[in-house]
Amino acid sequence: MQDIIDACHKQKSDKACGPDQIPMEAIIHGSCRLHVHLCLLFNLFLQHGYLPAVFMQSVITPLVKNKNGDLSSLNNYRAIAVSNAISKLFEGIIAQYLHVESDLDVFQFAFKRGHSTALCTDVFKQAVNHYTSRGSHVFVCFVDFNKALDNVSHSKLFSKLLDDNVNCMIVRILDFWYTNQMCCVRWHNVFSKSFMIQNGTRQGSVLFPYLFSRYIKELLGAVANSGIGCNVANQFVNILAYADDVVLISPFLERPSESHVSLVQTCSCHQHVC
């Protein structure tokens with residue numbers, strides 16, 4: 001019951017209604033009786049690993065990225081999925097049981113309270129200035145994944161959640177949800193036929209930020225723990241991410257030898273760069 005009440009308090013008003021046309025205000029201002037029924041309903045979902053088809057429906061609204069660009073190009077649009085209010089509430093409760101603290105989270109600046117693109121940019125500038133002010137070169141590579149959010153493999157994602165010891169009942173219900181979710185596209189109040197989505201994370205979903213961050217965590221860790229790249233005060237700053245926008249930072253244009261890396265790391269600890 002307390003999970004339901006806390007989740008209701010976190011919801012925002014004046015949001016678009018989902019396919020069921022029930023506004024979030026109806027849940028936010030609901031009575032204690034509503035909270036009891038929602039608690040029973042959500043527990044049944046988890047116990048049986050099943051969700052009604054109506055519950056899983058969502059509407060995808062395409063948004064133009066560049067209004068001055070080619071409006072006929074598919075790449076000039078990003079999709080926002082609008083879900084039912086009750087499913088957002090359910091996701092908000094599940095999110096509390098998904099998050100696992102990791103040292104690798106410091107390299108991801110998106111989807112975190114108190115973090116912003118400005119903070120990520122500032123860390124990047126300081127790392128570069130640390131090297132250039134001491135007469136060293138810095139090489140950077142900006143990585144743009146091709147439709148990264150749409151290419152997330154559900155099976156790999158849920159395997160990662162199980163590796164984090166997330167409750168198997170939660171992983172089972174998410175597996176059922178993402179395997180059977182149905183969507184339609186809305187364009188100027190015209191709706192397409194419903195279709196099934198087999199991969200990707202839904203932008204606009206409550207769980208989307210955590211699920212995508214968890215999906216690429218090993219990628220960030222592989223680079224961060226490689227021992228190659230910029231090292232400031234014995235702390236590697238060789239990769240920074242803001243959602244799927246990633247930048248690699250290194251004082252080497254090519255992979256250095258192990259002796260060279262060891263020498264640079266030693267000098268970096270003393271605030272000097274070779």
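User: How much area does the protein expose, and what share of it do carbon and sulfur atoms supply?

Analyst: In this predicted model, the protein exposes about 15,500 Å², and carbon and sulfur atoms supply 57% of that area. The C-alpha atoms fill a box of roughly 65 × 45 × 30 Å, taken along the principal axes, and 41% of the 274 residues count as buried.

User: Why is Leu40 called exposed?

Analyst: The relative accessible area of Leu40 is 54%, and exposed means over 50%, so Leu40 is placed in the exposed class. Leu40 belongs to helix H3, which covers residues 32–48.

User: Which residues form a nonpolar patch on the surface with Leu40?

Analyst: Met1 and Val36 form the patch together with Leu40, and the accessible area of these residues together is about 250 Å².

User: Why does Ala243 count as buried?

Analyst: Ala243 has a relative accessible area of 12%, and because buried means under 20%, Ala243 falls in the buried class. Ala243 sits in the loop between E9 and E10, where the hairpin has two residues between the strands.

User: What is said about the phi of Ala243, given that Ala243 is not a glycine?

Analyst: The phi of Ala243 is positive, at about 60°, although the residue is not a glycine. Most residues other than glycine have a negative phi.

User: Where does Asn189 lie, and what is its phi near?

Analyst: Asn189 lies in the loop between strand E4 (182–187) and strand E5 (190–191), and its phi is near 65°, again a positive value in a residue other than glycine.

User: What makes Asn189 count as exposed?

Analyst: Its relative accessibility is 69%, and since the exposed class begins over 50%, Asn189 is counted there.

User: How do you know that Asn225 is exposed?

Analyst: With a relative accessible area of 63%, Asn225 passes the cut-off of over 50%, and therefore Asn225 is called exposed. Asn225 is found in the loop between helix H10 (217–224) and strand E7 (231–232); Val237, twelve residues apart from Asn225 in sequence, is 10 Å apart from Asn225 in space, C-alpha to C-alpha.

User: How do you know that E9 and E10 pair, and in which sense?

Analyst: Two strands pair if at least two bridges are found between them, and E9 and strand E10 (residues 245–250) have four bridges, so they are a pair, in the antiparallel sense. Within this pairing, Leu240 stands opposite Val247 in E10.

User: What makes E3 and E10 a pair as well?

Analyst: Six bridges join E3 to E10, and because at least two are needed, these strands also pair, running antiparallel. Phe139 has Ser250 in E10 as its bridge partner.

User: Why are E3 and E9 called edge strands of the open sheet?

Analyst: The open sheet has three strands in the order E3-E10-E9, with antiparallel pairing. Strand E3 (139–144) and strand E9 (239–242) each pair on one side only, and they are the edge strands. From one strand to the next, the twist averages 15°.

User: Which helix lies across E3, E9 and E10, and at what angle does it run to E9?

Analyst: Helix H6, made of residues 117–132, lies across these strands and runs at about 165° to E9.

User: How many helices and strands are there in the protein?

Analyst: The protein has eleven helices and ten strands. Among its contacts with a separation of 6 or more, 67% come from residues 24 or more positions apart.

Technical notes: Residues numbered from 1 in each chain as written. Predicted model: local features only at pLDDT ≥ 70, side-chain atom pairs only at ≥ 80, totals over all residues. Heavy atoms only, no water. Patch = residues over 30% accessible without salt bridge, like charges linked within 9 Å, V, L, I, M, F, W, Y side chains within 5 Å. Areas by Shrake-Rupley, 256 points an atom, 1.4 Å probe, with all protein chains shown as cover. Salt bridge = Lys/Arg side-chain N within 4 Å of Asp/Glu carboxyl O. Buried < 20%, exposed > 50% of the residue type's maximum accessible area, 1.4 Å probe, protein only. Axes fitted to C-alpha atoms, helices over the stretch in contact; angles between N-to-C directions. Contact = heavy atoms within 4.5 Å.
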